[in-house]
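I opened this notebook to keep track of what I looked up. The entries follow the order in which I checked things.

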Amino acid sequence: MCWWVFTGLTHMILEGYFVFSPEFFKQKNPTYLAEVCDSRYVGRDSAVIAVEGRNAVLEGPACILAAYAILFIAFLTLAMVIVGWHEGGSIFGIFEEDVIKSILSIFITYAVLNFIQATLDIILSFSTWGSLNPTQILRYLLKFIIATFWVVIFPICY
């Protein structure tokens, strides 16, 4: 799923920048995106612009939509498994209170597992903190703080 999101953003940002900025290679001080782009863009051929324009406008959003669909189908499948294990087994059982609570408990379980992972990351890497960059230490701490936040918020809202 991360591949779909990365590909979609690449199509929309890099290729869209090339297609929709007519002064792409006429700049004296090129931007970072101009330096990243491939040599095939140098000629600014109409065929290349057409293909990259299609990628930027159609394939980029389609990749993002595919990632969303994968996530939605996975959640829907999990919800249907919970409904199937419920006593009634009816498709409308998803609207019952205890079934909704069972589905929402997935988020609490995820939050707890994420908290455990963040805690273990800090404990297991603590001896190497002297050689880590400050940004890496900040990443570990922020991950722990956010995981702690969700562990507290989800049960309260449950």
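Entry 1, a cut-off. I call a residue buried when its relative accessible area is under 20%, exposed when it is over 50%, and partly exposed in between. I tried this on His-11, which lies in helix 1, residues 2-20. His-11 has 12% relative accessibility, so I put it down as buried. I then listed what His-11 touches, leaving out residues up to four places away in sequence: Gly-16, Asn-55, Ala-56, Glu-59, Gly-60 and Cys-63.

Entry 2, the model as a whole. I noted that this is a predicted model. I looked up the confidence and found a mean pLDDT of 79 for the chain, with 78% of its residues at 70 or more. By element, helix 2 (residues 32-36) has the lowest mean pLDDT, 57, and helix 5 has the highest, 89. I read the elements from the N terminus on as α-α-α-α-α, that is, five helices and zero strands.

Entry 3, burial and surface. The chain has 158 residues, and 23% of them are buried. I took down an exposed area of about 11100 Å² for the chain, 72% of which is supplied by carbon and sulfur atoms. I also checked contacts between residues at least 6 apart in sequence, and 57% of these join residues at least 24 apart.

Entry 4, helix 4. I found helix 4 at residues 97-125, with 29 residues. From its first C-alpha to its last, helix 4 reaches 42 Å, close to the 42 Å expected at 1.5 Å a residue. Which residues in helix 4 are buried? I listed Val-99, Ile-103, Ile-108, Ala-111, Ala-118, Ile-122 and Ser-125.

Entry 5, salt bridges. I had one general point in mind: side chains of opposite charge can pair when their charged atoms come close. How many salt bridges does the structure hold? I found two.

One salt bridge is formed by Arg-54 and Glu-59, with the closest N and O atoms 2.5 Å apart. Arg-54 has a relative accessible area of 39%, so I marked Arg-54 as partly exposed. Glu-59 is at 28% relative accessibility and therefore also counts as partly exposed. I had already met Glu-59 among the residues that His-11 touches.

Lys-143 forms a salt bridge with Asp-121, and here the closest N and O atoms are 3.0 Å apart. This pair links distant parts of the chain, with Lys-143 in helix 5 and Asp-121 in helix 4, 22 residues apart. Asp-121 counts as partly exposed because its relative accessibility is 23%.

Entry 6, more on Lys-143. I placed Lys-143 in helix 5, residues 134-157. Which residues is Lys-143 in contact with, leaving aside its neighbours within four places in sequence? I found Asn-114, Gln-117, Ala-118 and Asp-121. Ala-118 is on my list of buried residues in helix 4. I also looked up the spacing of Lys-143 and Gln-117: they are 26 residues apart in sequence, and their C-alpha atoms are 9.4 Å apart in space.

Entry 7, a nonpolar patch. I noted a nonpolar surface patch of about 660 Å², made by Leu-138, Leu-141, Leu-142, Ile-145, Ile-146, Phe-149 and Trp-150. I picked out Leu-142, which has its place in helix 5. Is Leu-142 buried or partly exposed? Leu-142 is at 42% relative accessibility, so I entered it as partly exposed.

Methods:
Residues are numbered from 1 along each chain as its sequence is written. This is a predicted model: local features need pLDDT of at least 70, side-chain atom pairs count only at pLDDT 80 or more; totals for chains, interfaces and linings use all residues. Side-chain values use heavy atoms; hydrogens and water are left out. Helices (H or I, at least four residues) and strands (E, at least two) are DSSP runs, numbered from the N terminus. The expected span of a helix is 1.5 Å times one less than its number of residues. Buried means under 20% relative accessible area, exposed over 50%, partly exposed in between (1.4 Å probe, protein chains only). Contact means heavy atoms within 4.5 Å. Patches are made of residues with over 30% relative accessible area and no salt bridge: like charges are joined within 9 Å, nonpolar side chains (Val, Leu, Ile, Met, Phe, Trp, Tyr) within 5 Å. Accessible areas come from the Shrake-Rupley method with a 1.4 Å probe; for residues, only the protein chains shown count as cover. A salt bridge is a side-chain nitrogen of Lys or Arg within 4 Å of a carboxyl oxygen of Asp or Glu. pLDDT is the predictor's confidence in each residue, from 0 to 100.
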